[in-house]
Each structure stands twice: as structure tokens, then as C-alpha cells.
Amino acid sequence: QVQLVESGGGLVQAGGSLRLSCATSGRTYSTYAMGWFRQAPGKEREFVAQISATSVIITYGDSVKGRFTISRDSAKNTVYLQMNSLKPEDTAVYYCAAAKSAVGATTARGYDYWGQGTQVTVSS
């Protein structure tokens, strides 16, 4: 059982950068794969990135490859999503998720715990 709280969202201009944080709690955090998803108004929840429990395997959604970086700091029980070269199309509510598996899936159903979300708005 883990709790997740996202932070770091806000308004940024196209081409800018933003770093999201996901603070987690729970003694089993290090055994969970972690992922980021996003959902824009009227659209389905979209896979952004996942990082395996050991940080060895990392996966990105096609739309963010080369621009976003996921990482985790076990000492701080925190997962990050560094977003660079932001585009208006990146505007969405971003959710942190935890999966009871070594490697995270690319579908929302593969995750067991979710944060409340943080809004990211990219202006043109």
C-alpha cells in the first residue's frame, strides 16, 4: 500500500521546461514500478513514462520520447518527470501511479495506486 502526491505543475510557455514530483509513502515503495500518465480534456488517459522498481528499465510514450525523462530517488521516496521542450499538446493533468510489479505497463489498468494529479498547461 502506497500513497502518492504529485506536485510541480503549472503554466509554462512552449519550449520551456517543468519538473513534476511524485512523493510516495509506504515501506514497499522500492518494490513498485512507477509511472506517469496524463489526461487532457475529452481525451483518454495516456501513458507517458514508467521506471522499473530497480530503475534499470525505463519506457516512454512515443509522444514524449526525447523530451521527457523519468527518474526516481529512493532515498527521498520520490519519482520525477523532467519535461523539456514542452508543447501545447502536452497540456493535461499529469498523474503519478504505482504498480505492484517490477516493470510498469503502458496501460492505466496495469497500475494499482494513483495520485490526485497536477495540472500542466503549456501556452503557445
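The paragraphs below lead from the overall fold of this predicted model to its strand pairings and then to two loop residues.

Taken as a whole, the protein contains eleven strands and zero helices, so that its elements, read from the N terminus on, follow the order β-β-β-β-β-β-β-β-β-β-β. The C-alpha trace spans about 40 × 25 × 25 Å along its principal axes. For a chain of 124 residues, a compact globule would be expected to have a radius of gyration near 14 Å, and because the protein has 13 Å, the two values agree. Of the 124 residues, 44% are buried, and the protein exposes about 6200 Å², of which carbon and sulfur atoms supply 49%. Contacts that reach across the sequence are well represented: among those between residues at least 6 apart, 59% join residues at least 24 apart. As for charge, there are 12 positive and 8 negative charges, and their mean positions lie 5 Å apart.

A useful place to enter the fold is strand β4, which covers residues 33–39. Six of its seven residues are buried, that is, under 20% relative accessible area, and strand β4 is therefore largely enclosed by the rest of the structure. Strand β4 has pairing partners in β9 and in β5. With β9, which covers residues 92–99, it runs antiparallel and is joined by seven bridges; with β5, covering residues 46–51, the pairing is also antiparallel and extends over five bridges. Met34 shows how these two pairings come together at a single residue, since Met34 stands opposite Ala98 in β9 and has Ile51 as its bridge partner in β5. The link between β4 and β5 is a hairpin with six residues between the strands, and within this turn Gly42 has a positive phi of about 75°.

A further set of pairings involves strand β3, which covers residues 18–25. Strand β3 pairs with strand β1, residues 3–7, in the antiparallel sense over five bridges, and it pairs with β8 in the antiparallel sense over six bridges. Here Ala23 is a residue through which both pairings can be followed: Val5 stands opposite Ala23 in β3, and in β8 the bridge partner of Ala23 is Thr78.

From β8, which covers residues 78–83, the chain continues into the loop before β9, where Ser85 lies. Is Ser85 buried, exposed or partly exposed? Ser85 counts as partly exposed, because its relative accessibility is 41%, a value between the limits of 20% for buried and 50% for exposed. Although 71 residues separate Ser85 from Ala14 in sequence, their C-alpha atoms are 7.0 Å apart in space. Leaving out residues up to four places away in sequence, Ser85 touches Gly15, Gly16, Ser17, Arg67 and Asp90.

The loop that follows β9 leads to β10, residues 113–114, and holds Gly110. With a relative accessibility of 27%, Gly110 likewise counts as partly exposed. Its C-alpha atom is 8.5 Å from that of Lys100, and the two residues are ten apart in sequence. When neighbours within four places in sequence are set aside, Gly110 is in contact with Ala99 and Ala105; Ala99 belongs to the range of residues 92–99 that forms β9, the strand joined to β4 by seven bridges.

Notes. Residues numbered from 1 in each chain as written. Predicted model: local features only at pLDDT ≥ 70, side-chain atom pairs only at ≥ 80, totals over all residues. Heavy atoms only, no water. Buried < 20%, exposed > 50% of the residue type's maximum accessible area, 1.4 Å probe, protein only. Helix = DSSP H or I, 4+ residues; strand = E, 2+ residues; numbered from the N terminus. Pairing = 2+ DSSP bridges. Rg over C-alpha atoms; globule rule 2.2 N^0.38 Å. Contact = heavy atoms within 4.5 Å. Areas by Shrake-Rupley, 256 points an atom, 1.4 Å probe, with all protein chains shown as cover. Lys, Arg positive; Asp, Glu negative; His and termini not counted. Charge placed at Lys NZ, Arg CZ, Asp CG, Glu CD.
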